[in-house]
Amino acid sequence: MNGFVEALADGAVVAKRNLIKVKRVPDLIVFATLSPIMFVLLFAYVFGSAIEIPGMNYREFLMAGIFAQTVVFGATITGTGLAEDMQKGIIDRFRSLPMARSAVLIGRTTSDLLNNVIVIVVMSVTGLIVGWRIHSSFLEALAGFGVMLLFAYAISWGMAVVGLAVRSPEVVNNASFIVIFPLTFIANTFVGTTNLPGPLKAFAEWNPISAVTQAARELFGNTSPGFPAPDVWPLRHPVLASVLWSLVILAVFIPLAIRQYRKAVSR
Amino acid sequence: MSSPVLFAEGLRKRFGGYYALDGFDLSVPAGTVCGLLGPNGAGKTTVLRILSTLMRPDGGRATVNGFDVARQAAEVRNHIGMIGQQSTVDDILTGRENLALWGRLYHLSAANARRRADELLEQFGLTAAGSKQVKHYSGGMRRRLDLASSFITAPSVMFLDEPTAGLDPRNRIEMWSAVRALALGGTTVLLTTQLLDEADQLADQIVLMDGGREIASGTPDELKARTGGDWIDVTVRNIAEIPAAAGVMARTAGGRLQTTPAENRVSAAVTNRQHALTDVTRALHAAGIDAEDVTLRRATLDEVFLLLTGQDLEGEEAS
Ligand SMILES: Nc1ncnc2c1ncn2[C@@H]1O[C@H](COP(=O)(O)OP(=O)(O)OP(=O)(O)O)[C@@H](O)[C@H]1O
Ligand SMILES: [Mg+2]
């Protein structure tokens with residue numbers, strides 16, 4: 001228990017280190033928020049006129065999808081950040097300290113979570129400007145953001161394993177783009193899944209990102225009786241499904257990440 | 001004599017099918033500076049990584065202050081500081097912020113971490129630069145900050161991996177005096193270097209490594225004595241005279257011979273120090289060779305290395 005508290009305290013110091021960087025080199029967060037803003041505007045004004053969602057405004061439908069995509073991409077900086085620290089020998093320095101093995105990972109994932117919070121705030125404002133509205137209670141809306149951030153936090157731990165194993169920030173960046181970009185599109189993020197061809201439809205319906213998006217949509221009140229969720233379990237119980245997905249990912253990747261950190265060899 | 005602070009016996013480390021360390025031994029007494037000297041890939045960093053608990057050996061054992069690096073890694077980490085081959089201080093933080101941050105990671109309270117940061121800035125001559133962002137530091141200041149950041153708890157053992165790589169001579173000398181000061185304060189230092197000069201200047205004991213093993217060790221003077229101790233250098237005016245000069249020196253100096261045509265130089269190990277200079281000068285004169293310069297000097301560590309491996313430290317085969 002004592003060790004755990006200490007790991008959290010050390011993690012807080014590491015998180016602070018990462019956050020000071022964000023504050024002094026704001027480019028990172030500026031670009032992390034510019035691209036989702038651009039996405040909101042593009043989809044709202046370009047595709048928004050072409051995509052029809054029965055019974056509701058496309059912009060309302062869209063926002064939860066863009067949020068989900070953005071926080072998942074936001075989580076990938078855990079991988080690039082750790083790869084960079086690895087490459088620079090900083091992980092070695094940390095590992096030579098009398099400090100809990102999990103502290104650096106706790107710190108990294110926490111600061112990346114806070115980054116995602118900032119990004120979500122900026123995007124919400126953009127969304128409100130283009131006509132997105134929350135039709136639920138304040139607490140439900142908070143829960144909607146909570147579900148997305150929890151999922152992103154879980155993805156962070158997965159990316160930590162990738163970052164520590166690959167050790168090159170560029171490779172982590174490209175690799176995660178190749179995997180995550182399709183993952184966030186073969187989902188209910190930007191269009192309904194009903195008209196997708198067979199295998200893609202099944203994939204989209206069971207894609208955890210779809211569950212997260214659907215959960216947020218429902219918690220924001222951005223759904224329409226004219227456009228019900230497909231009849232598959234994760235999309236009928238999206239909040240529960242999202243939380244379960246997140247917990248499973250955490251349960252798998254936290255131990256893996258700590259193991260990878262322990263034996264990490266920087267070259 | 002008390003037991004050594006750093007001790008290694010038969011260390012082995014394998015990467016794939018390749019032994020980066022292949023039976024490496026080490027023994028460093030308290031408060032001394034030991035220099036691991038060797039060419040690229042000799043295994044210097046691997047030794048440091050094993051002793052600082054970053055990597056487990058595949059064979060052999062090692063202790064730091066009596067604690068086993070594999071089985072008592074946590075205790076070992078309480079006694080050591082290390083700086084890697086690369087600098088690990090943060091560019092966008094100030095020197096003081098960097099030190100305070102590392103202080104927090106060593107579990108000092110915020111106030112103590114700040115106080116310790118100021119002490120360390122003072123100790124390593126960085127007080128004036130303490131409030132500047134590290135990106136404005138010179139290479140030498142950066143390295144000294146690295147050193148300071150791993151000296152937060154004043155550990156009894158410091159591992160320095162190529163602490164002066166990439167520094168200009170002035171910065172290098174500043175770094176040397178910082179390292180000397182650590183040793184004077186009683187810290188045991190194990191450093192790696194590819195610079196003979198550096199090992200010569202700093203180390204009480206040098207371990208010459210190649211291919212994952214020790215190939216020789218001793219004080220700088222002992223090692224230099226291994227080549228016969230003294231050398232005589234003859235610089236001829238005309239490169240065509242080198243073979244003739246070499247012939248004369250082989251007869252008069254008596255020891256090993258080495259030519260450096262690019263510098264018109266022939267060197268010979270000297271067996272009889274007292275008469276060598278006069279004998280060689282006289283013989284050259286008698287043979288009608290026009291020598292520009294004749295000097296007697298101690299062997300360099302490079303020559304020791306060459307003698308023991310047939311290669312110079314840059315890894316080039318001797319001709
Ligand atoms: N993680 C690793 N994976 C594979 N090979 C490695 C690894 N670390 C070191 N090696 C190899 O082991 C050998 C010794 O490496 P080491 O880094 O200890 O050498 P060094 O003496 O520090 O060299 P340098 O002067 O270049 O720093 C080299 O041939 C290197 O390629
Ligand atoms: Mg090295």
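**Notebook: chain B, its magnesium ion and its contact with chain A**

Starting point: I looked up Thr46(B) and found it in helix H1 of chain B. Note to self: this is a predicted model.

Is Thr46(B) buried or exposed? I get a relative accessible area of 10% for Thr46(B), so I put it down as buried, the cut-off being under 20%.

Next I checked what Thr46(B) touches. Leaving out residues up to four places away in sequence, I listed Lys13(B), Phe15(B), Ala20(B), Leu21(B) and Met55(B).

Then I went to the magnesium ion, ligand 2. Which residues coordinate it? I noted Thr45(B) through OG1 and Gln85(B) through OE1, at 1.8 to 2.5 Å. These two come from distant parts of the chain, 40 residues apart. Thr45(B) sits in helix H1, residues 44-51, while Gln85(B) is in the loop between E6 and H3 of chain B. I may be missing something here, because water is not among the atoms and sites may look incomplete.

I also checked how open the two magnesium-binding residues are. Thr45(B) has a relative accessible area of 24%, so I wrote "partly exposed". Gln85(B) comes out at 42%, and that is partly exposed as well.

On to the contact between the chains. How many residues does each chain put in? I have 26 residues from chain B and 25 residues from chain A. The area buried between them is about 2400 Å², and carbon and sulfur atoms give 59% of that. On the chain B side, I marked Arg77(B), Ile92(B) and Leu105(B) as losing the most area to chain A. Together those three make up 25% of what that side buries.

I looked for charged pairs across the interface and the rule finds four salt bridges. One of them I followed up: Lys21(A) with Asp90(B), where the closest N and O atoms are 3.4 Å apart. For polar contacts between chain B and chain A, I have 12 residue pairs, with both residues at pLDDT 80 or more.

Which elements of chain B supply at least two residues each to the side that touches chain A? I wrote down strand E6 (80-83), helix H3 (95-105) and helix H5 (139-149). H3(B) gives the most, with five residues. Sorting the residues of that side by type, I got 10 nonpolar, 10 polar and six charged.

Last jotting, on helix H1: my buried Thr46(B) and the magnesium-coordinating Thr45(B) both belong to that helix.

Technical notes:
Residues numbered from 1 in each chain as written. Chains lettered and ligands numbered in written order. Predicted model: local features only at pLDDT ≥ 70, side-chain atom pairs only at ≥ 80, totals over all residues. Heavy atoms only, no water. Contact = heavy atoms within 4.5 Å. Buried area = accessible area lost by both parts, 1.4 Å probe. Salt bridge = Lys/Arg side-chain N within 4 Å of Asp/Glu carboxyl O. Polar contact = N/O pair within 3.5 Å; in protein donor to acceptor, adjacent residues only side chain to side chain. Helix = DSSP H or I, 4+ residues; strand = E, 2+ residues; numbered from the N terminus. Nonpolar A, V, L, I, M, F, W, Y, C, P; charged D, E, K, R; others polar. Donors = N, O, S within 2.8 Å, 3.2 Å for Na, K, Ca; no water. Buried < 20%, exposed > 50% of the residue type's maximum accessible area, 1.4 Å probe, protein only.
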